[in-house]
Amino acid sequence: MRTDHPLVTLGGIILVAYFFISVFQSVLVVAFALLFPVFLVLVHASLRLRGIANRAANVKEQLGIRTSVMGQILDRTGLNVKV
């Protein structure tokens, strides 16, 4: 086919390339919309510093001493959340 009809082959290649280029933009937009939030979550999780203050707060939460603002709100509303 390539040797017998080179212009038809060239036209087919150009049409297929144009189709893929026109669809590729839409695929990139959808992929960016889905993967960018996941990327941000992973970057945040990898850069988050977990120091001694955070570990102490976790121990206080486990012992039942709620010192965070959300813990105080839960105590005042009478909600008991078991983790």
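Which pattern does the chain follow when it is read along the sequence? In this predicted model, the answer is α-α-α. Put as a tally, the secondary structure comes to three helices and zero strands. The radius of gyration is 28 Å, well over the 12 Å that the globule rule gives for 83 residues, so the chain is more spread out than a compact globule. The box filled by the C-alpha atoms tells a similar story in plain dimensions: taken along the principal axes, it comes to roughly 85 × 30 × 15 Å.

How much of the chain counts as buried? Just 4% of the 83 residues do. About 7800 Å² of the chain is exposed, and 72% of that area is supplied by carbon and sulfur atoms.

Helix H1 covers residues 6-47, and a good place to start looking is Val 23, which sits in this helix. Val 23 has a relative accessible area of 33%, and because buried means under 20% and exposed means over 50%, Val 23 counts as partly exposed. Val 27 is also found in helix H1, and with 46% relative accessibility it too falls in the partly exposed class. These two valines belong to a nonpolar patch on the surface, where they are joined by Val 16, Phe 19 and Phe 20. Taken together, the five residues of the patch have about 460 Å² of accessible area. As background on spacing, an α-helix has 3.6 residues a turn, so residues three or four places apart point the same way.

Further along the numbering come some aromatic residues. Which residues do ring pairs link into a cluster? They are Phe 32, Phe 36 and Phe 39. For the structure as a whole, the count of aromatic pairs is three. Pro 37, whose number falls among those of the clustered rings, has its place in helix H1. Its relative accessible area is 43%, which puts Pro 37 in the partly exposed class.

Next comes helix H2, made up of residues 52-63. Its 12 residues reach 16 Å from the first C-alpha to the last, close to the 16 Å expected at 1.5 Å a residue. What happens just after H2? There, Gly 64 takes a positive phi of about 95°. Within helix H2 lies Ala 57, and this alanine is partly exposed, at 35% relative accessibility.

A few C-alpha distances help to place these parts relative to the later stretch of the chain. Ala 57 and Leu 79 are 22 residues apart along the chain, and their C-alpha atoms are separated by 20 Å. Pro 37 and Thr 77 lie 40 residues apart in sequence, with 33 Å between them in space, C-alpha to C-alpha. For Val 27 and Leu 79, the gap along the chain is 52 residues, and their C-alpha atoms are separated by 45 Å. These separations can be read alongside the overall result that the chain is more spread out than a compact globule.

Notes: Residues are numbered from 1 along each chain as its sequence is written. This is a predicted model: local features need pLDDT of at least 70, side-chain atom pairs count only at pLDDT 80 or more; totals for chains, interfaces and linings use all residues. Side-chain values use heavy atoms; hydrogens and water are left out. Helices (H or I, at least four residues) and strands (E, at least two) are DSSP runs, numbered from the N terminus. The expected span of a helix is 1.5 Å times one less than its number of residues. The radius of gyration is taken over C-alpha atoms; the globule rule is 2.2 Å times the number of residues to the power 0.38. Buried means under 20% relative accessible area, exposed over 50%, partly exposed in between (1.4 Å probe, protein chains only). Accessible areas come from the Shrake-Rupley method with a 1.4 Å probe; for residues, only the protein chains shown count as cover. Rings of Phe, Tyr and Trp (its six-membered ring) pair if their centres lie within 6.5 Å; planes under 30 degrees apart count as stacked, over 60 as edge-to-face and the rest as tilted. Patches are made of residues with over 30% relative accessible area and no salt bridge: like charges are joined within 9 Å, nonpolar side chains (Val, Leu, Ile, Met, Phe, Trp, Tyr) within 5 Å. A salt bridge is a side-chain nitrogen of Lys or Arg within 4 Å of a carboxyl oxygen of Asp or Glu.
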